[in-house]
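Got your viewer open and a selection box ready? Let's take a walk through this one, stop by stop.

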Amino acid sequence: ATVLAQAIVREGAKSVAAGANPMDLKRGIDRAVNLVVEELKAKARRIWEEIIPNGDVDRLAEVIAEDGIDHSARPDELQGLAGAQQTTRWLGSVFSDQCWKIHQVIGEGDTVVVYCTLHGRHTGNLLGIPPTNREVAMDYVHIVHFRDGKVADHWGIRDDMALMRQLGVMSGPPTPVAGAG
């Protein structure tokens with residue numbers, strides 16, 4: 001990004017010195033930045049709309065950096081592409097019929113935020129909780145930072161308490177999920 005920025009400044013200065021309108025140059029740069037942000041947003045959507053629900057661990061290599069960091073991972077979980085592949089396999093073993101409903105995707109620079117809801121059926125062991133065969137819906141917020149077109153950093157926030165109530169593990173009525181409607 002720094003090399004690209006330096007090249008833009010250098011070539012832009014040459015163009016302005018040669019008589020180009022600086023505002024036209026700025027508008028062109030703004031359009032290019034917007035195109036890049038839209039591409040990153042599309043990649044982020046693809047992770048949760050296509051790759052994870054289909055358990056397509058090979059396609060994760062297209063969007064996750066080999067050395068990526070999941071800042072939300074438990075200490076015993078793998079990091080990088082291997083960790084994302086492990087998590088995808090695990091989710092598939094716990095929740096069948098996965099569908100991630102995307103509610104909002106926001107991008108700025110090389111960072112994208114995805115607000116979504118995981119819908120699925122609890123058909124596998126979930127951290128010691130045997131399968132209940134219940135349908136669940138759990139809200140997530142994913143923040144992903146891209147480097148060289150791949151996810152280099154991920155932060156995930158999810159509503160575990162709502163999930164535990166839906167599974168009947170915690171007392172009290174199931175908590176409605178905001179994105180479930």
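Which strands do the buried residues of helix 3 pack against? They pack against strand 1 (64-70), strand 2 (95-108) and strand 3 (111-122). Before you start clicking, two notes on the ground rules. This is a predicted model, where local features need pLDDT of at least 70 and side-chain atom pairs count only at pLDDT 80 or more, while totals for chains, interfaces and linings use all residues. Residues are numbered from 1 along each chain as its sequence is written, and side-chain values use heavy atoms, with hydrogens and water left out.

**The whole chain**

Colour by secondary structure to begin. You should find four helices and five strands, in the order α-α-β-α-β-β-β-β-α from the N terminus on. Helices (H or I, at least four residues) and strands (E, at least two) are DSSP runs, numbered from the N terminus. Now switch to a colouring by accessibility: of the 181 residues in the protein, 34% are buried. Buried means under 20% relative accessible area, exposed means over 50%, and partly exposed is in between (1.4 Å probe, protein chains only). As for contacts (heavy atoms within 4.5 Å), take those between residues at least 6 apart in sequence: 53% of them join residues at least 24 apart.

**Helix 3**

Select residues 80-94. Helix 3 has 15 residues and spans 21 Å from its first C-alpha to its last, close to the 21 Å expected at 1.5 Å a residue. That expected span is 1.5 Å times one less than the number of residues in the helix. Show side chains for Gly80, Leu81, Gly83, Ala84, Gln85, Thr88, Leu91 and Val94, which are the buried residues here.

Zoom in on Thr88, which sits in helix 3. Thr88 is buried, at a relative accessible area of 3%. Not counting residues up to four places away in sequence, Thr88 touches Ile52, Gly55, Val57 and Leu60.

Now pick Gln86, also in helix 3. Is Gln86 buried or partly exposed? Gln86 is partly exposed, because its relative accessible area is 35%. Draw a distance from its C-alpha to that of Val57: the gap is 8.3 Å, for residues 29 apart along the chain. Setting aside neighbours within four places in sequence, Gln86 has contacts with Glu77 and Leu78.

**Strand 1**

Next, click Gly68 in strand 1. Gly68 counts as buried, with a relative accessible area of 7%. Beyond its neighbours within four places in sequence, Gly68 is in contact with Gln79, Gly80, Val151 and Ala152. For a long-range pair, try Gly68 and Lys150: 82 residues apart in sequence, their C-alpha atoms are 8.5 Å apart in space.

**The largest pocket**

Turn on a surface and look for the largest pocket, with a volume of about 830 Å³. On a 1 Å grid over the protein atoms alone, a pocket is an open set of points where a 1.4 Å probe fits, with protein on both sides within 12 Å along at least five of seven lines; lining residues have an atom within 4 Å of a point. Grid points are joined across faces, edges and corners, and the volume is the space filled by probe spheres set on the points.

To centre the view, select Asp70, Glu77, Thr87, His154 and Arg158, the ones nearest the pocket centre among 41 lining residues. Which helix gives the largest share of the lining? Helix 3 does, with eight residues. Other elements that each supply at least two include helix 2 (22-51), strand 4 (135-147), strand 5 (150-158) and helix 4 (160-166). Colour the lining by type and you get 23 nonpolar, eleven polar and seven charged residues. Here Ala, Val, Leu, Ile, Met, Phe, Trp, Tyr, Cys and Pro count as nonpolar, Asp, Glu, Lys and Arg as charged, and the others, Gly among them, as polar.

**Two aspartates**

Most residues other than glycine have a negative phi. Select Asp97 in strand 2, where phi is near 55°, a positive value. Asp97 is exposed, at 61% relative accessibility. Then jump to Asp148, in the loop between strand 4 and strand 5. Phi of Asp148 is near 55°, and Asp148 is exposed, with a relative accessible area of 76%.

**Last stop: cysteines**

Select Cys99, partly exposed at 43% relative accessible area, then Cys116, buried at 0%. How many disulfides (pairs of cysteine sulfur atoms within 2.5 Å) turn up in a search of the whole structure? The search finds zero.

Conventions: A disulfide is a pair of cysteine sulfur atoms within 2.5 Å.
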